[in-house]
Amino acid sequence: MNRRSFIDHLTVSSGAVLVAPLLPFSDSSFAKTERPFARTGQAADVVIAGGGLGGCAAALAALRNHKRVILTEETDWIGGQMTQQGVPPDEHQWIETHGATQLYRDVRTAIRAYYKQNYPLTDAARASKFLNPGDGAVSRLCHEPKVALAVLEQMMAPYLSSGQLTLLLEHKISSADVQGDTVRALKAVSQRSGNELILSAPYFIDATELGDLLPLTGTEFVTGAESRSETRELHAPEKADPANCQAFTVCFAMDYVAGGNYVIDKPKDYSVWRMYSPAVTPAWSGKLLDLSYSNPKTLEPKQLGFHPEGIPTGDRLNLWNYRRVISKANFRPGTYVGDVSGVNWPQNDYSAGNLIGATDKAFKKHVDRAKQLSLSLLYWLQTEVPRPDGGQGWPGIRFRPDVMGTEDGLAKYPYVRESRRIKAVFTVLEEHVGAENRALITGKKEGNRAAAFADSVGVGYYHIDLHPSTGGNNYIDFGSLPFQIPLGALLPKRMKNLLPANKNIGTTHITNGCYRLHPVEWSIGEAVGMLVAYSLDKGVTPHAVRENEQLLNGFQKLIRSQGVETHWPRV
């Protein structure tokens, strides 16, 4: 495509606004494709690849700071973990008041308001300031994916209407035009039509679930587990293993109709998964499809309970209540025949293959196998799980495809726990945030705080939680400290205008375990969106913001004024 032709088509394309000088494109700078480039394109201040929580936060932050945004999303739902992946938010105990951005708390408030405005709640539920629609054990706000989707769509609606935001659903980035340390454009391909768009901007943000832009742009990155000699981390392995990544999960939802029979057809791979035991060290407790699993903290066998009417199961956690997204007790009698429970459990964690770096064929193979695992878990619950009365199976368990918004009833995208990670200006290590490792560094047994970063652009907290991995690790799960998000971890060492906004920041295999959760991903994305806006307004690079004390102070003042916490109070 020649430059004149590209500009001619760009200026007449619907909603496109030229906000940056366009550079000539060379076909040879893109990965080869089987068809010639489509002669159409769009430009903005920033192009964001990936509409998950980090991508949404980055977009909203840039938009409120008067920047034009193009946001692409591979599926037909924005919202990532909270929507397309079907995972209610994993959060810390202080989330209602602090430890997240104001915008993230606005999302949570809006989710509650959506239920109060649109659902037949009981009087008690409607009056509850901290309504938890599902009363799930995992979160103070267990909700249906489609409600979070509605809230995020409402937040973006005015920007879409004004043309400040272009949202390209079901579009995947296929290649990049890069010159030296600068990304000049991305090619997006419609998953429906196959049509191609050239997306141009001064800045690009990788908010994809697997860090897809990093190899496409030649950005240096790492994967898997670093060795202890590399990072000095207490829980790092002796030998590095780039292919050793956490399990992913294909989630689903179900409800229960007493006396009903909703048993699905026996999954084709049921016999395989029924006998499967993860090949991990220390050894798993037995079969994967069982109510026994490895206690994440001790790795000893731990018993779980299960009863689809939410009845307590003694001192054992009733898995039905764990990620329940609708508790019928919160709604007027007759609204629901039973609770609705989301399933993201140890029993459907898939650690038999790695999605990072997989070919399209291998990616599909592993996702299909993971779907078979989840369907096998459902069938096992319907037919074989031990009942408290000595029987087996609950045929009244009903598969709920509508909750996930898909034909097959399974989440639109796998719940991904680990991504490619940039080689960053600064890397967060276990010694910065891990409770035990921090004590070794400081010499204090009690009263430790996570490392303080002068370039902090956000905060977060979660224990370091690594699920069984493709490299054969069982759970790695231990305490951390309320931490900060350093700006240096958001800056690639070399690339000047590509920034990460998901699980692809400068963490390690170990510290990713506490930086990967919903509110932290949101905080990362929001900081990056504001960083792009600030850099454009000041006419400087993001790296210069960190390197110049005056610029850094100004940026931190800006983000604090917009509801971003950069340090923790005593907790």
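So, the largest cavity: about 170 Å³ of space lies inside it. Keep in mind that this is a predicted model. Rolling a probe the size of a water molecule over the atoms is how you see where empty space is left. In this structure you find 4 cavities of 30 Å³ or more.

Who lines the largest one? There are 17 lining residues, and nearest the centre you have Gly50, Glu73, Glu74, Thr208 and Asp212. Two elements give two or more residues to that lining, strand 3 (69-73) and strand 5 (171-179). Strand 5 has the largest share, with 3 residues. And the chemistry? The lining splits into 8 polar, 5 charged and 4 nonpolar residues.

Okay, the second largest cavity. Its volume is about 80 Å³. It has 13 lining residues, and the ones closest to its centre are Gln246, Phe248, Asn354, Leu355 and Glu418. Here the classes come out as 7 nonpolar, 4 polar and 2 charged.

Let's go back to strand 5. Which way does strand 5 pair with strand 6? The pairing is antiparallel, and it runs over 8 bridges, with strand 6 covering residues 182-190. If you want a spot to look at, find Val178, which sits opposite Val183 in strand 6. The two strands make a hairpin with 2 residues between them, and in that turn Gly180 has a positive phi of about 65°.

Now for a sheet elsewhere. Strands of a sheet pair through backbone hydrogen bonds, either parallel or antiparallel. This one is an open sheet of 4 strands, antiparallel, in the order 14-15-11-17. Strand 14 (324-326) and strand 17 (397-399) are at the edges with a single partner strand each, so each has one side without a neighbour in the sheet. On average, neighbouring strands here are turned by 35° against each other, ignoring direction. Inside that order, strand 11 (residues 252-256) and strand 15 (residues 340-343) pair over 4 bridges, and Phe252 faces Val343 in strand 15.

Last stop, helix 15. It spans residues 518-538, which is 21 residues, and reaches 30 Å from first C-alpha to last, close to the 30 Å expected at 1.5 Å a residue. Is helix 15 enclosed or open? Well, 18 of its 21 residues are buried, so helix 15 is largely enclosed by the rest of the structure. Right after helix 15 comes Gly539, with a positive phi near 70°.

Definitions and conventions. Residues are numbered from 1 along each chain as its sequence is written. This is a predicted model: local features need pLDDT of at least 70, side-chain atom pairs count only at pLDDT 80 or more; totals for chains, interfaces and linings use all residues. Side-chain values use heavy atoms; hydrogens and water are left out. The expected span of a helix is 1.5 Å times one less than its number of residues. Buried means under 20% relative accessible area, exposed over 50%, partly exposed in between (1.4 Å probe, protein chains only). On a 1 Å grid over the protein atoms alone, a cavity is a set of points where a 1.4 Å probe fits but cannot get out, and a pocket is an open set with protein on both sides within 12 Å along at least five of seven lines; lining residues have an atom within 4 Å of a point. Grid points are joined across faces, edges and corners, and a volume is the space filled by probe spheres set on the points. Ala, Val, Leu, Ile, Met, Phe, Trp, Tyr, Cys and Pro count as nonpolar, Asp, Glu, Lys and Arg as charged, and the others, Gly among them, as polar. Two strands pair if DSSP finds at least two bridges between them. Axes are lines fitted to C-alpha atoms, for helices over the stretch in contact, and angles run from 0 to 180 degrees between N-to-C directions.
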